[in-house]
Amino acid sequence: MSEQNAASGNARPKEDELTTRQAAYVAQRLAGLSQKTAAEKIGIATRTARTWETLPAVQQALRSGQDELISEATATATALLRPALVKLMSIGDDAEAPASARVTALRAVADLALKLREVDDVAERLAIIEQRLNEYHAPTPESRSLSFVS
């Protein structure tokens, strides 16, 4: 393979790596573009985009990028949570606010508290399940000392 080919991004990557164009395609998809629009934007056929999206490296890159976007959105929402709750509580406590506004604000606080409790419970249960699975699949002292050398 020529150095020019490798430098242009047309070199065949390892199976778990993206080409330069695949990385550009993934970036467009993560920016919210449809498969067709992302393909047009980087100059490939829609059929090529469909094929790329079946490749493990592209799937992993899309999944990782989506996970990162969700993590960033979660961090932003979490940072805004306390001020939002304080505001809702102040509306709920405001005797001069209409009763409907107070009820709506307090209902929002109660709903959020219940949802957060549910998420916390699920996370705790999942941690217990993962721990038990790890214990179940952990090598035993006997299996560590087994040797298959004859």
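**Notes on the predicted model**

1. Start with Ile 42. Setting aside neighbours within four places in sequence, Ile 42 contacts Arg 21, Ala 24, Tyr 25, Gln 28 and Trp 52. This is a predicted model.

2. Ile 42 also belongs to the largest nonpolar core. That core has 11 residues. Its members are Tyr 25, Val 26, Ala 38, Ala 39, Ile 42, Ile 44, Ala 49, Trp 52, Val 58, Ala 61 and Leu 62. Helices H2 (20-30), H3 (35-42), H4 (46-52) and H5 each supply two or more of these residues. Two of the contacts of Ile 42, Tyr 25 and Trp 52, are core members as well.

3. Helix H5 covers residues 56-93, and Ile 91 lies in it. Is Ile 91 buried or exposed? Neither label fits: Ile 91 counts as partly exposed because its relative accessible area is 28%, and the partly exposed class sits between under 20% for buried and over 50% for exposed.

4. What does Ile 91 touch, not counting residues up to four places away in sequence? The partners are Ala 97, Ala 101, Arg 102 and Ala 105. Leu 106 is 15 residues from Ile 91 along the chain, and their C-alpha atoms are 8.1 Å apart.

5. Now the surface. Leu 126, Ile 129 and Leu 133 make a nonpolar patch of about 270 Å². Leu 126 sits in helix H6, residues 99-137. Its relative accessibility is 45%, so Leu 126 is classed as partly exposed. That value is over the 30% that a patch residue needs.

How values were computed:
Residues numbered from 1 in each chain as written. Predicted model: local features only at pLDDT ≥ 70, side-chain atom pairs only at ≥ 80, totals over all residues. Heavy atoms only, no water. Patch = residues over 30% accessible without salt bridge, like charges linked within 9 Å, V, L, I, M, F, W, Y side chains within 5 Å. Areas by Shrake-Rupley, 256 points an atom, 1.4 Å probe, with all protein chains shown as cover. Salt bridge = Lys/Arg side-chain N within 4 Å of Asp/Glu carboxyl O. Helix = DSSP H or I, 4+ residues; strand = E, 2+ residues; numbered from the N terminus. Buried < 20%, exposed > 50% of the residue type's maximum accessible area, 1.4 Å probe, protein only. Contact = heavy atoms within 4.5 Å. Core = buried A, V, L, I, M, F, W, Y, C linked by side-chain atoms within 4.5 Å.
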